Amino acid sequence: MAKVHRIIEQIGRQGALQLDIDRRVIDIASGYMSSEELGIGFLYSGWAQAALPHRRLKSSAAWQVKSDHVTLLVEPGRRPGQDAEPEYVGVPYGSKARLIMLYLQTEALKTNSREIEIGKSLRSWLNRMGIPVGGKAVADVRDQAERIARCRLSFHIKTADSTGFLNQNIIDSGMITEYDDATGKPTSFLDEVKLSENFFQQLKRHPVPIEEAAIRHLNGHSQALDIYFWLAYRLHVLKKPTPVTWAALKLQFGPGVARMDHFRTGFLDNLELALAVYPAAKVDVDRTGATLFPSPPPVKPKTLL
């Protein structure tokens with residue numbers, strides 16, 4: 001069990017708050033430790049190695065991010081414009097996009113179906129994940145859902161002697177029942193969607209199980225979510241301690257950060273948040289980078305039966 005979790009067990013949350021520990025880490029760790037079981041979620045392993053941007057990009061801009069073995073290219077989709085030209089909707093970004101993606105993938109695997117209800121089911125799930133969908137949040141979730149529905153992905157996967165690529169949409173088709181006549185933009189959630197066959201099959205072949213309790217307590221921290229997904233994917237398959245340099249970490253988690261010192265500070269903060277919901281994870285950090293150690297997965301295999 002990680003140090004902060006032992007401290008909370010021994011002296012409680014209030015006692016831990018008196019120590020020189022980031023309050024966010026204490027709050028997330030104590031919240032996670034006291035969570036009632038929320039269930040298990042799933043995501044495609046490619047997302048655990050290369051993730052979406054954290055911040056909004058120019059609507060027409062594509063996104064590219066690399067890890068040791070995977071490069072992800074996300075191209076923004078377009079909707080019909082009110083004038084002659086179609087308009088870009090932009091690539092999905094931030095924590096809400098990650099939560100919507102997690103919902104789609106989890107529902108697809110649990111029902112073994114490409115067809116997924118959105119609407120009330122998505123709102124209910126987001127509420128369970130600590131995201132009340134009201135006010136501005138409604139528009140934010142609607143916007144991210146449309147970005148996901150219209151974008152196009154390209155995963156480039158490098159092996160020892162070759163590189164393969166996989167081009168796909170996340171969603172083949174969907175239905176939106178309400179539009180603004182003046183702007184042509186949706187005013188309601190997608191009612192239902194159908195995942196692309198290619199994406200669905202890749203998800204079924206390479207799922208990464210994660211704890212919904214962990215996601216609930218990281219819901220506003222997109223980089224911490226990415227780190228948690230990455231650790232959930234990597235740690236339990238390691239056979240020996242594995243170093244990852246700061247340069248490699250920045251390539252994967254900080255492509256939009258210019259300075260290494262700024263990236264390092266932000267990464268360390270978010271790593272602590274991710275470890276607050278993954279007590280079994282063993283990770284050391286020093287001046288050269290991070291060392292990953294073989295660790296139990298966040299979801300025990302027997303719970304998947």
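## Y44 and F155

Y44 is buried, because its relative accessibility is 3% and the cut-off for buried is under 20%. This comes from a predicted model. The structure holds eleven aromatic pairs. In one of them, Y44 meets F155 edge-to-face. Their ring centres lie 5.4 Å apart, with 85° between the planes.

The pair links distant parts of the chain. Y44 belongs to strand β1 (residues 40-44). F155 belongs to strand β7 (residues 152-158). The two residues are 111 residues apart. F155 also counts as buried, with a relative accessibility of 1%.

## W246 and F267

W246 and F267 form another edge-to-face aromatic pair. Here the centre-to-centre distance is 5.8 Å and the angle between the planes is 85°. This pair, too, links distant parts of the chain. W246 is in helix α10 (residues 246-253), and F267 is in helix α11 (residues 260-276). They are 21 residues apart.

W246 has 4% relative accessibility, so it counts as buried. F267 has 1%, so it counts as buried.

## The ring cluster

Which residues do ring pairs link into a cluster with W246 and F267? They are W230, F253 and F263.

## Charges over rings

W246 also has a charged partner. The charged end of R264 sits over the ring of W246, 5.0 Å from the ring centre. A second arginine is placed over a tyrosine: the charged end of R78 sits over the ring of Y88. That distance to the ring centre is 4.7 Å.

Note on methods:
Residues are numbered from 1 along each chain as its sequence is written. This is a predicted model: local features need pLDDT of at least 70, side-chain atom pairs count only at pLDDT 80 or more; totals for chains, interfaces and linings use all residues. Side-chain values use heavy atoms; hydrogens and water are left out. Rings of Phe, Tyr and Trp (its six-membered ring) pair if their centres lie within 6.5 Å; planes under 30 degrees apart count as stacked, over 60 as edge-to-face and the rest as tilted. Helices (H or I, at least four residues) and strands (E, at least two) are DSSP runs, numbered from the N terminus. Buried means under 20% relative accessible area, exposed over 50%, partly exposed in between (1.4 Å probe, protein chains only). A charge sits over a ring if NZ of Lys or CZ of Arg is within 6 Å of the ring centre and within 35 degrees of the ring normal.
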